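Student: I would like to learn how to read a few features of a protein model, taking them one at a time. Could we begin with the cysteines?

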Amino acid sequence: MPERFAIVGAGGHAKVVVDALLASGHEVSGFYDDNPALLGAEPVLGVKVLGGTEDLPPGLKKGKGVVILAVGENRVRYRLSRLLSVPYGVACSPSAVLGRGVRIGKGSMILPSATVNIDTILGEHVILNTSSSVDHDCAIGDFVHIGPGAHLGGGVVVEEGTFLGLGSSVIPGIRIGRWSVIGAGAVVTKDLPDNCTAVGVPAKVIKTRGEGWHLA
């Protein structure tokens, strides 16, 4: 059923989300971005920046619309989700492929040509970017961003807040910890810990951050 969306963020990622929503037959009221220099801009033809997050439509809590946090940076989506008490929708491009039994958390974005196979679970505010794929029985935590062209084998677990860079790959059955960063083109062949950065083929940890680094 078509819904009315308010979009938080007005950058390139937000444009892709709006394009997916419009292609799916939804209505977009406007962009809301806390950068005052963007007020009145029209990032997508016919869809303007109407204000900051404090200007989100007052009727949202009464069922008159939903919100998407259309920001690619996981830490920013995390913080916004804790600042804003609003209802969230799901953005799913009409070219995305969803298997049977797929569950999608509120606020998540499944963008053009992304594939999610049978019995996979997506958490809240997840981004599956353009042409990414998640095979069967995966578990994707809240605030994860799977970059364009990244591919996950079956039974992969990606925990909260982790970012998988463009063109990265994860072999079946791997677990990647919380708030980690996987570099573009990396191939993950073994489990990775929380708060790490891993790059290369096969992916190797090159940096580990302290617990809670994403809150700084």
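**Cysteines, sheet and cores**

Tutor: A search of the whole structure finds zero disulfides, a disulfide being a pair of cysteine sulfur atoms within 2.5 Å. This is a predicted model, in which local features need pLDDT of at least 70 and side-chain atom pairs count only at pLDDT 80 or more, while totals for chains, interfaces and linings use all residues. Residues are numbered from 1 along each chain as its sequence is written, and side-chain values use heavy atoms, with hydrogens and water left out.

Student: Why is C92 not in a bond?

Tutor: In general, a disulfide is a covalent bond between the sulfur atoms of two cysteines. Here the closest cysteine sulfur to that of C92 belongs to C138 and is 17 Å away, which is too far for a bond. C196 is likewise in no disulfide, the nearest cysteine sulfur, that of C138, being 18 Å away.

Student: Is C196 buried or exposed?

Tutor: C196 counts as buried because its relative accessibility is 0%, where buried means under 20% relative accessible area, exposed over 50%, and partly exposed in between (1.4 Å probe, protein chains only).

Student: Which residues touch the most other members of the largest nonpolar core?

Tutor: Nonpolar side chains tend to be buried together in soluble globular proteins. In this model the largest nonpolar core has 28 residues, of which L128, I140, I146, L152, V170, I182 and V188 touch the most other members; such a core is a set of buried Ala, Val, Leu, Ile, Met, Phe, Trp, Tyr and Cys residues joined through side-chain atoms within 4.5 Å. Apart from it lies another core of 20 residues, including A14 and F31.
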